[in-house]
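Let's take a friendly walk through a protein model. Have a look at the sequence and the 3D view first, and then we will go through a few spots together.

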Amino acid sequence: TGDQGGQLYVRGGTPIQNKILLDGMTIYTPFHSIGFFSIFETELIKSADIYTGGFDAQFGGRISSIMDIKYRDGNSKKFSGKVSASPFMGKLVLEGPIGKQKEGPGGVSYIFSAKQSLIDLSSKTLYPKINEERDEATNEIITAGGMPFNFTDLYGKITFKGDGRSKVSTFGFHNRDSVNFGIADLDWQSSGGGMNFLLVPSSSPIVIKGHVNGSQYKTTFNEVASPLRTSLIGGFDLGFDFTYFLAN
């Protein structure tokens with residue numbers, strides 16, 4: 001519904017009653033402008049947990065559902081990547097170790113993904129008559145045909161792993177959509193970043209997990225003969241989990 005893509009309705013609730021998380025960061029809109037593509041990169045997804053009830057207070061104030069998506073770490077042993085393209089979108093995924101590789105489970109790795117829509121370019125050939133405007137008197141083309149949609153997705157993560165199970169990850173994302181109707185331009189973008197860590201002391205029965213992250217979402221509407229309109233929402237989250245293992 002609307003220009004900003006699809007919506008999620010869970011158990012009869014409204015879309016704003018759902019909470020969508022990416023590595024703990026709040027995602028305020030998971031869809032791109034035409035609704036066919038999400039902001040998530042399927043090549044990177046490690047887990048996706050969906051709670052439609054019974055979730056506790058750690059997720060904050062939502063009453064319909066929680067969608068908790070986590071991306072995997074980069075490969076710490078070898079370089080790899082993927083490049084793909086279609087008439088609608090181009091995609092790049094890269095991952096690998098940073099610095100000198102060593103034996104054992106430890107090491108530093110990165111993973112990076114980028115998506116760019118090609119709809120505004122390919123649609124001029126595939127759908128040349130859509131949105132085409134001609135002068136009624138001369139029949140000359142005023143506005144070329146094609147679809148006015150454009151989007152970009154970027155995500156990156158660096159992970160530091162110790163010799164045990166301890167690790168620290170820093171990550172960030174940026175998503176941008178724009179729709180140009182000629183007489184009106186609609187633009188929205190979201191971005192965020194944060195850090196997660198897991199500490200597993202070798203001589204202690206306590207496991208410590210923690211995170212700090214933040215994200216924001218901004219829309220801009222620029223219409224001919226009207227003042228520029230903007231809207232912005234953002235938030236951050238800080239949390240720690242302690243697990244104590246009893247003897248035996």
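Which backbone nitrogen does the side chain of D23 reach? The answer is that of Y71, at 3.0 Å. Keep in mind that this is a predicted model. D23 sits in the loop between β1 (18-22) and β2 (25-27). With a relative accessible area of 6%, D23 counts as buried, because buried means under 20%. Leaving aside residues up to four places away in sequence, D23 touches I69, K70, Y71, Y155, K157, F171, N196 and N213.

Next come the aromatic rings. A pair of rings is described by the distance of the centres and the angle of the planes. The count here comes to four aromatic pairs, and the table shows two, including their geometry.

| Pair | Centre distance | Plane angle | Type |
|---|---|---|---|
| F37 and F151 | 5.6 Å | 45 degrees | tilted |
| Y51 and F59 | 5.5 Å | 40 degrees | tilted |

F37 and F151 link distant parts of the chain: F37 lies in the loop between β2 and β3 (45-51), while F151 is in strand β10, 114 residues apart. Both F37 and F151 are buried. In the other pair, Y51 is partly exposed at 30% relative accessible area, whereas F59 is buried at 9%.

Finally, look at the surface. M195, I206, V212, L238, F240, F242, Y244 and L246 make a nonpolar patch of about 830 Å². β13 (206-223) and β14 (229-244) are the elements that each give two or more residues to this patch, and β14 provides the largest share, four residues. V212 belongs to strand β13 and is partly exposed, with 35% relative accessibility.

Technical notes:
Residues are numbered from 1 along each chain as its sequence is written. This is a predicted model: local features need pLDDT of at least 70, side-chain atom pairs count only at pLDDT 80 or more; totals for chains, interfaces and linings use all residues. Side-chain values use heavy atoms; hydrogens and water are left out. Patches are made of residues with over 30% relative accessible area and no salt bridge: like charges are joined within 9 Å, nonpolar side chains (Val, Leu, Ile, Met, Phe, Trp, Tyr) within 5 Å. Accessible areas come from the Shrake-Rupley method with a 1.4 Å probe; for residues, only the protein chains shown count as cover. A salt bridge is a side-chain nitrogen of Lys or Arg within 4 Å of a carboxyl oxygen of Asp or Glu. Buried means under 20% relative accessible area, exposed over 50%, partly exposed in between (1.4 Å probe, protein chains only). A polar contact is a pair of N or O atoms within 3.5 Å; within protein, one must be able to donate a hydrogen and the other to accept it, and residues adjacent in sequence count only if both atoms are side-chain atoms. Contact means heavy atoms within 4.5 Å. Rings of Phe, Tyr and Trp (its six-membered ring) pair if their centres lie within 6.5 Å; planes under 30 degrees apart count as stacked, over 60 as edge-to-face and the rest as tilted.
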